[in-house]
Number of protein chains: 2
Amino acid sequence: MSSTGAKVPSADIFAPGGHASGQGINLGPCAACAARQLAFCNVLDGDDLGRLLQILTESTATSGHAIFYEGDEAEHVYNVTEGVVRVSKMLPDGRRQITGFLFPGDFLGLSHGDAYAYTAEAIGPARLCRFKRDKLLNLFDELPTLEKRLLGMAADELAAAQDQILLLGRKTARERVVSFFQLLAKQARKRGEMGGTIHLPMSRADIADYLGLTIETVSRTITKLAKDGVIELPSSNKVVLADLDALEAIEMGEE
Amino acid sequence: MSSTGAKVPSADIFAPGGHASGQGINLGPCAACAARQLAFCNVLDGDDLGRLLQILTESTATSGHAIFYEGDEAEHVYNVTEGVVRVSKMLPDGRRQITGFLFPGDFLGLSHGDAYAYTAEAIGPARLCRFKRDKLLNLFDELPTLEKRLLGMAADELAAAQDQILLLGRKTARERVVSFFQLLAKQARKRGEMGGTIHLPMSRADIADYLGLTIETVSRTITKLAKDGVIELPSSNKVVLADLDALEAIEMGEE
DNA sequence: CGTATACTTGAATTGAGTCAATAAGTGTGG
DNA sequence: CCACACTTATTGACTCAATTCAAGTATACG
């Protein structure tokens, strides 16, 4: 928590130092943005953030609705500020693979080329910042820190993708499910949610399509983990990580 | 072998070019670099390329030898100029997943954080350009086009990783093998190698660990494809893509 | 409440893995 | 050039983890 005495709205978050005072810049949505610390824009403040704000459009998406589809012209890039977004690819016969779940602060649509390579859909209500791609790219010349930040985020995403490749290529169903829970727990921690209980905002079908399994296998595996006492299931979308050592061991196949 | 008349030692590695006398810049290894058009440095020329050269060290790697290991301090980044590099991750019990094969022009080691998240090994003799990470990152301030180029390459890599995630999560063994052949063919085309015959520089074990299969399944699947007449096998590491329509259909599961 | 939707559980099936035995290269030194 | 050892690839028989098919049982919703 950094606080600089600027007169900012109540919320979670507030504008960084920069030009507060009398005739400052209206940091509008950013001032109240819950994802501010996590998002790519956290390297900006004051005038620089103002510049970014000028090309930003806020948007919302409702449960299950697409933000864009695979193959659509890639005109915009997005930043998730609230909710969870599911990114997926489909084979012609309908088999689906979810390549990631995006949480507040995550970036979306930074693909090369002129069409999106995947579909993005909101899981439950979500809010996003939208930017015209070319405008954001142009802004990089003015705000080099922003570009560096995005390169760093791309590198992180690449590392996450490689972890997922290892999971899909070589882990068992049990290891996949545990790795998934650990990932959700880690992301929850990053967002400041402490405690050993994780929330599953997505359906079993989504989990299955993310882990390269079927709904049935996911369900059976979760049930088994609970029977083995390494997790507890207060409800179907809440998981208590009960035995952290055991989970750690399972994740990497030491069992 | 790159030779530009500069007096460089024979060995493994040699000092960066620097400004060699006369008038004009010694573009040393770059002038003779076979991967120049494909690599990230292709956006530079003249003085700018000279700047990059100052922080570059050429190195070679021999068959099977590691360029770096997962967990090593991530001091350098690399650019493959000749040969093929295999990037892999391992689970504690020895299961291996190859996350990618890198060809001339491909970039390597751009991970965030201070340790490499994967192992990189040469398949057969290879040559690489090596840069100290911090020096290259600093150079971005002087050469913004270079940074943009790298961001674009990272975006491409991310798209490729997502294709691989779809493959591993949802495709059958037959579809995986065909997708792999198509990928190799596409990359060969990018490097200017035309014709329907592709070369497999990697072993069946490497292919298996890339496709999330076993050696036996890879072998059986390739044999079956040949029996079905969609490919031909002049030798165990050469594949003729005989029936392109059929291959296209198999790749996406339309069969 | 009734009805759709999501999740769990069970039984049978199967695609890919495992174990095991050749076969085909590759290289080395006599 | 051949014999030997060694590595790599193929092929076969059997097994098994995960899928498929098929009920059931919660859970949410108009």
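The exercises below work through a predicted model, step by step.

Residues are numbered from 1 along each chain as its sequence is written, while chains are lettered from A and ligands numbered from 1 in the order in which they are written. Local features need pLDDT of at least 70 and side-chain atom pairs count only at pLDDT 80 or more, whereas totals for chains, interfaces and linings use all residues, and side-chain values use heavy atoms, with hydrogens and water left out.

**Exercise 1. Describe chain A as a whole.**

Step 1: Chain A has eight helices and nine strands, where helices (H or I, at least four residues) and strands (E, at least two) are DSSP runs, numbered from the N terminus.

Step 2: Of its 255 residues, 50% count as buried; buried means under 20% relative accessible area, exposed over 50%, and partly exposed in between, with a 1.4 Å probe and protein chains only.

Step 3: Among contacts in chain A (heavy atoms within 4.5 Å) between residues at least 6 apart in sequence, 67% join residues at least 24 apart.

**Exercise 2. Find where A:Val80 lies and which residues it touches.**

Step 1: A:Val80 belongs to strand E3 of chain A, which covers residues 76–90.

Step 2: With a relative accessible area of 0%, A:Val80 is buried.

Step 3: Leaving aside residues up to four places away in sequence, A:Val80 touches several residues, among them A:Ala35, A:Leu102, A:Phe103 and A:Arg127.

Step 4: A:Ser59 is 21 residues from A:Val80 in sequence, and the two are 9.7 Å apart in space, C-alpha to C-alpha.

**Exercise 3. Work out which parts of chain A two salt bridges tie together.**

Step 1: A salt bridge is a side-chain nitrogen of Lys or Arg within 4 Å of a carboxyl oxygen of Asp or Glu, and a search of the whole structure finds 32 of them over all chains.

Step 2: One of them joins the side chains of A:Arg127 and A:Glu58, at 3.0 Å from N to O. Because A:Arg127 lies in strand E6 (residues 119–132) and A:Glu58 in strand E1 (residues 56–61), the pair ties together parts of chain A that are 69 residues apart in sequence.

Step 3: A:Arg127 is partly exposed at 32% relative accessible area, and A:Glu58 is partly exposed at 42%.

Step 4: The side chains of A:Asp228 and A:Arg174 also meet in a salt bridge, at 3.0 Å from N to O. A:Asp228 lies in the loop between helix H7 (215–227) and strand E8 (231–235) and A:Arg174 in helix H5 (residues 173–190), so this pair ties together parts of chain A that are 54 residues apart in sequence.

**Exercise 4. Examine a salt bridge between B:Arg95 and A:Glu175.**

Step 1: The closest N and O atoms of B:Arg95 and A:Glu175 are 2.9 Å apart.

Step 2: B:Arg95 lies in the loop between strand E3 (76–90) and strand E4 (96–102) of chain B, and A:Glu175 in helix H5 of chain A, so the pair joins two chains.

Step 3: Both B:Arg95 and A:Glu175 are buried.

**Exercise 5. Describe the surroundings of helix H8 in chain B.**

Step 1: In this helix, which covers residues 244–251, the residues B:Ala246, B:Leu247, B:Ala249, B:Ile250 and B:Glu251 are buried.

Step 2: These buried residues pack against helix H5 (173–190), helix H7 (215–227), strand E8 (231–235) and strand E9 (238–241) of chain B.

Step 3: After the helix comes B:Gly253, whose phi is positive, near 80°.
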